[in-house]
Amino acid sequence: TEHTLSLHDALPICEAKVAAEQLCEDYRAKGMILPIIRPKSFIGPERLGVFALLYDWAADGHNFPILGNGNNPYQYLDVEDLCDAIWLCATLPEDRVNDTFNIGAEKYGTPRSDFQAVLDAAGHGKRIIGFPEGPAILFLRMLEAVNLSPLYKWVYETAGKESFVSIDKAKEKLGFAPKYSNVDALLRNYDWYLAHRADFAKQDGVTHRVPWSQGALKLLKALF
């Protein structure tokens, strides 16, 4: 199972995904072949977004804060594995692909264990530090309200929750075989970040190809 917020609390994009799936199912019922892929948050080369915060703090030799104790199972997905799943749906026989598939890493841990692997790779001896989830969320809500944080509600209100899906159907029907674990995907992404870090100096923003502007969180970095 996967932890989800209610539709009342979800972002418009989440509501749009539900509506899009329903539309696909309606047309499936009319005879169309429409595979539906439900990917976990995917990372990898050219896919940074919020993860650039972790990589930046790790590279500069800082500890990294997480919400809660960080021991909640949380599944990610390498972008290359996502591309493999899409290719399988585009090339396999119609009777195998005309279905709905969860796509994610087969091997995953927790934010504490998986993010720690990045800090270990950075080589500064830094650690993951957990903070009480309630006060941290309240603080991030206030920063978001005054546009001083790149983090939005969906990110920080789900970070401390369990989030994983079964990929058994994709493995059985598509032959999907993820090559990368959470840690593999994070380290591949971190290596790409380091290789291109100098190019990001004037490119911060809110897309997934560049580091997000850290806002007030940049000031907190000095405390860690």
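# Helix packing and aromatic pairs around H2

Among the contacts in the protein with a separation of 6 or more, 82% are accounted for by residues 24 or more positions apart. This is a predicted model, and the protein it describes has 10 helices and 6 strands. Of its 224 residues, 43% count as buried. The points below follow helix H2, the helices that pack with it, the aromatic pairs, and a few single residues.

**Helix H2 and its surroundings**

- Helix H2 covers residues 51-59 and is mostly covered, given that 9 of its 9 residues are buried.
- The buried residues of H2 include the aromatic Phe 51, Tyr 55 and Trp 57, and among them is also Asp 56, alongside Leu 53, Leu 54 and the alanines Ala 52, Ala 58 and Ala 59.
- Just after H2, Gly 61 takes a positive phi of about 80 degrees.
- In the loop between strand E2 (42-43) and H2 lies Glu 46, whose phi, near 70 degrees, is a positive value in a residue other than glycine.
- Glu 46 has a relative accessible area of 41% and is therefore partly exposed.

**Packing of H2, H5 and H9**

- Two packed helices are described by the angle between their axes and the distance between the axes.
- For H2 and H9, the axes come within 10 Å and cross at roughly 70 degrees, which makes H2 roughly perpendicular to H9.
- The crossing of H2 and H9 is right-handed, and the residues that meet there are Phe 51, Ala 52, Tyr 55, Asp 56, Ala 58 and Ala 59 in H2 and Leu 186, Asn 189, Tyr 190, Tyr 193 and Leu 194 in H9.
- Helix H5 (residues 111-122) packs with H9 at an angle of about 40 degrees, the two axes being 9 Å apart, and H5 and H9 are therefore oblique to each other.
- The crossing of H5 and H9 is right-handed; on the H5 side, Asp 114, Phe 115, Ala 117, Val 118, Ala 121 and Ala 122 take part, and they meet Asn 182, Val 183, Leu 186, Leu 187 and Tyr 190 in H9.
- The axes of H2 and H5 come within 8 Å and cross at roughly 35 degrees, and this crossing, too, is right-handed.
- The contact between H2 and H5 is made by Phe 51, Leu 54, Tyr 55, Ala 58 and Ala 59 of H2, together with Phe 115, Val 118, Leu 119 and Ala 122 of H5.
- Tyr 55 of H2 thus appears in the contact with H9 and in the contact with H5, while Tyr 190 of H9 meets residues of H2 and residues of H5.

**Aromatic pairs**

- The structure holds 10 aromatic pairs; in one of them, the rings of Tyr 55 and Tyr 190 have their centres 5.7 Å apart and their planes at 50 degrees, so the pair is tilted.
- This pair links distant parts of the chain, with Tyr 55 in helix H2 and Tyr 190 in helix H9 (residues 182-196), 135 residues apart, and both Tyr 55 and Tyr 190 are buried.
- The rings of Trp 57 and Phe 224 have their centres 5.5 Å apart and their planes at 45 degrees, so that pair is tilted as well.
- The Trp 57 and Phe 224 pair also links distant parts of the chain, namely helix H2 and the segment after helix H10 (217-221), with the two positions 167 residues apart in the sense that they are 167 residues apart.
- Trp 57, at 4% relative accessibility, counts as buried, and Phe 224, at 16%, counts as buried too, because the cut-off for that class is under 20% relative accessible area.
- Ring pairs link Phe 51, Trp 57, Phe 64, Tyr 74, Tyr 76, Phe 115, Phe 131 and Phe 224 into a cluster.

**Charged residues**

- Lys 40 lies over the face of Tyr 74, at 5.7 Å from the ring centre, and Tyr 74 is itself one of the residues in the ring cluster.
- The charged end of Arg 188 sits over the ring of Tyr 180, 4.3 Å from its centre.
- Asp 168 is placed in helix H8 (residues 168-174) and is partly exposed, with a relative accessible area of 41%.
- From C-alpha to C-alpha, Asp 168 and Glu 106 are 9.4 Å apart in space, although they are 62 residues apart in sequence.

Technical notes. Residues are numbered from 1 along each chain as its sequence is written. This is a predicted model: local features need pLDDT of at least 70, side-chain atom pairs count only at pLDDT 80 or more; totals for chains, interfaces and linings use all residues. Side-chain values use heavy atoms; hydrogens and water are left out. Rings of Phe, Tyr and Trp (its six-membered ring) pair if their centres lie within 6.5 Å; planes under 30 degrees apart count as stacked, over 60 as edge-to-face and the rest as tilted. Helices (H or I, at least four residues) and strands (E, at least two) are DSSP runs, numbered from the N terminus. Buried means under 20% relative accessible area, exposed over 50%, partly exposed in between (1.4 Å probe, protein chains only). A charge sits over a ring if NZ of Lys or CZ of Arg is within 6 Å of the ring centre and within 35 degrees of the ring normal. Axes are lines fitted to C-alpha atoms, for helices over the stretch in contact, and angles run from 0 to 180 degrees between N-to-C directions. Angles under 35 degrees count as roughly parallel, over 145 as roughly antiparallel, 65 to 115 as roughly perpendicular and the rest as oblique. A crossing is left-handed if the near helix is turned anticlockwise from the far one by less than a right angle, and right-handed if clockwise. Contact means heavy atoms within 4.5 Å.
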